[in-house]
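Where do charged side chains meet in this protein, and where do they stand unpaired? Please look at the sequence and the model below with that topic in mind.

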Amino acid sequence: MRKTESAEAPVPTRLGPSPEQLAAHRISPRFYNADLAPSRKEGRSWTAYSVFTLWANDVHSLGNYGFALGLFALGLGAWQILVALLVGAALLFFLLTLSGFMGYKTGVPYPVMSRISFGIHGAQLAASVRGIVAIAWFGIQTYLASSVLNVMLLTMFPGLQSWADAEFLGLSGLGWFSFTLLWVIQVIIVSYGMEMIRRYEAIAGPIILVTFLALAVWMLIRVDFSIAWSTDDALSGWEMWAHIFGGGALWVSIYGTFVLNFSDFTRAAKKRGAIVVGNFWGIPVNMLVFGLVVISLAGAQYKIDGTVITSPADIVQSIGSPVLLVLASLSLLLLTVAVNLMANFVAPTYALTNLFPRQLNFRSAAIISAVIGFVILPWNLYDSPVVIVYFLGGLGALLGPLFGVIMVDYWVVRRTKVNVPQLYTEAGDGEYFYHRGVNWRAIGAFIPASAISLVFALVPAFSGISEFSWFSGAAIAALIYFVIARRDFTFREVDGEEIAVPTHH
């Protein structure tokens, strides 16, 4: 008897909402695609360990070590550096947890999150500022990593020295090879989406921690566990405390990007508690470990020859054994790629997707971000104090006001009530349409706060308080918006499950 096709044949599982569901919520393709859609609560994969490994990688970045070692060079001793870092860590734990909760509850990435306070069109401002900063730093961090790869390759293959001597467009032939190789590796990883980034961070995190702890122990052994606790010109009194609190404030400013777009990651968190636990171990505890490593490296090297190092790479290059140098260099490369992926790749990818949701998805937007980060020749940007201080520093000063508006709007004005489906409609009566898609009250708070923050950050006359520019911008924007925000409106809470997509899509 011939078998006939029956109704028992497997029915394909729908990955997202039906056209009818989207139509019912008046979802516009100009603001919605599979990458911008809310993440379905069932099937989320980020655990407390996933959140912890974000910080296990990012806190131990070469840039952060350069900052903390700079505190030693300024004249802060061991306990003062620890206090500065822990002050910053306490503030960051609070701010990042607030930001993370927003992502968990709504399931949306940062560009969509900013539509709540700035409007469906006004959100492009908030997303673009974050994205531009990240693209530039993606290229710069890749360049810094390529310098480590150059050292490793020359150690393994001394014959490549001729490549290191030839220069083209500001970079040696070996530098071009190293930069391009690392660029390709990062593009491949990010093209597989957020889940691949999570897996990479989970592997890299423990390796990074073990590497830096081993490096610190090795340095301590060299000085018989007796380090210099400060430089010869150690600070004291009011000047010391000013640098301690200024260092803590700068530590928060460094993460001013992350406190904005942490929802890009926590929208995939399994539980709200996973954010708290992951942040606790990853921020205050991990930053304490980071501080102890900084003290060990700086104090031991100063005890050995009176030199104040500027990066762990300085110590790695002094390792006598070629094998150990190669292993240490590989760890630094693993670290820099991990930091770049989460800090400087995800944000511009979502920002571009938000600009062109009908034309771009996560993969294509990631490739475009990477290409821009390549063609700007980032090594020339890094070598230009004007670009670093005025362009990137200026853009960075705008992040505080953005944070102030978004946080006050969500936590104080709306009291966490969000109508998620309305974030994707361009209907004139939509809850986040405001006036032609822009909340001018948010813009009205952002502009004066940004102006003041820029003055504090860039004008030499205010150099004494420049460390606090992020806080001043955030506080002023928050205060202004709290006063002028619209309150004659009933805020509704509607989840986005009907238009949500699986985390793995």
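The report below treats the salt bridges and then a patch of surface charge.

## Basis and overall count

The model is predicted, and the contacts described here should be read with that in mind. Side chains of opposite charge can pair when their charged atoms come close. Over the whole structure, a search finds nine salt bridges, and some of them are taken up in turn below.

## A pair that joins distant parts of the sequence

Glu426 forms a salt bridge with Arg30, and the closest N and O atoms of the two are 2.8 Å apart. Because Glu426 lies in the loop between helix H20 (399-413) and helix H21 (440-458), while Arg30 lies in the loop between helix H1 (19-24) and helix H2 (48-58), the pair ties together parts that are 396 residues apart in sequence.

As for exposure, Glu426 has a relative accessibility of 31% and counts as partly exposed, and Arg30, with a relative accessible area of 37%, is likewise partly exposed.

## A pair within one helix

Glu195 and Arg198 form a salt bridge in which the closest N and O atoms are 2.5 Å apart. Both residues belong to helix H10 (residues 194-222), where they are three residues apart, or about one turn of the helix.

Are these two side chains buried or exposed? Glu195 counts as buried because its relative accessibility is 14%, which is under the 20% cut-off for that class, and Arg198, at 18% relative accessibility, counts as buried too.

## A buried pair and its network

The side chains of Arg414 and Asp409 meet in a salt bridge, with an N to O distance of 2.9 Å. Arg414 counts as buried at 4% relative accessibility, and Asp409 counts as buried at 1%.

Which residues make up the network that includes this pair? Asp409, Arg414, Glu431 and Arg492 are linked in a network of salt bridges, so that Arg414 and Asp409 are to be viewed together with Glu431 and Arg492.

## A patch of negative charge

On the surface, Glu42, Asp495, Glu497 and Glu498 gather in a patch of negative charge. A residue enters such a patch only if it has over 30% relative accessible area and no salt bridge.

Within this group, Glu497 is placed in the segment after helix H22 (469-484). Glu497 has a relative accessible area of 30% and is partly exposed.

Conventions:
Residues are numbered from 1 along each chain as its sequence is written. This is a predicted model: local features need pLDDT of at least 70, side-chain atom pairs count only at pLDDT 80 or more; totals for chains, interfaces and linings use all residues. Side-chain values use heavy atoms; hydrogens and water are left out. Patches are made of residues with over 30% relative accessible area and no salt bridge: like charges are joined within 9 Å, nonpolar side chains (Val, Leu, Ile, Met, Phe, Trp, Tyr) within 5 Å. Accessible areas come from the Shrake-Rupley method with a 1.4 Å probe; for residues, only the protein chains shown count as cover. A salt bridge is a side-chain nitrogen of Lys or Arg within 4 Å of a carboxyl oxygen of Asp or Glu. Lys and Arg count as positive and Asp and Glu as negative; His and the chain ends are not counted. The place of a charge is taken as NZ of Lys, CZ of Arg, CG of Asp or CD of Glu. Helices (H or I, at least four residues) and strands (E, at least two) are DSSP runs, numbered from the N terminus. Buried means under 20% relative accessible area, exposed over 50%, partly exposed in between (1.4 Å probe, protein chains only).
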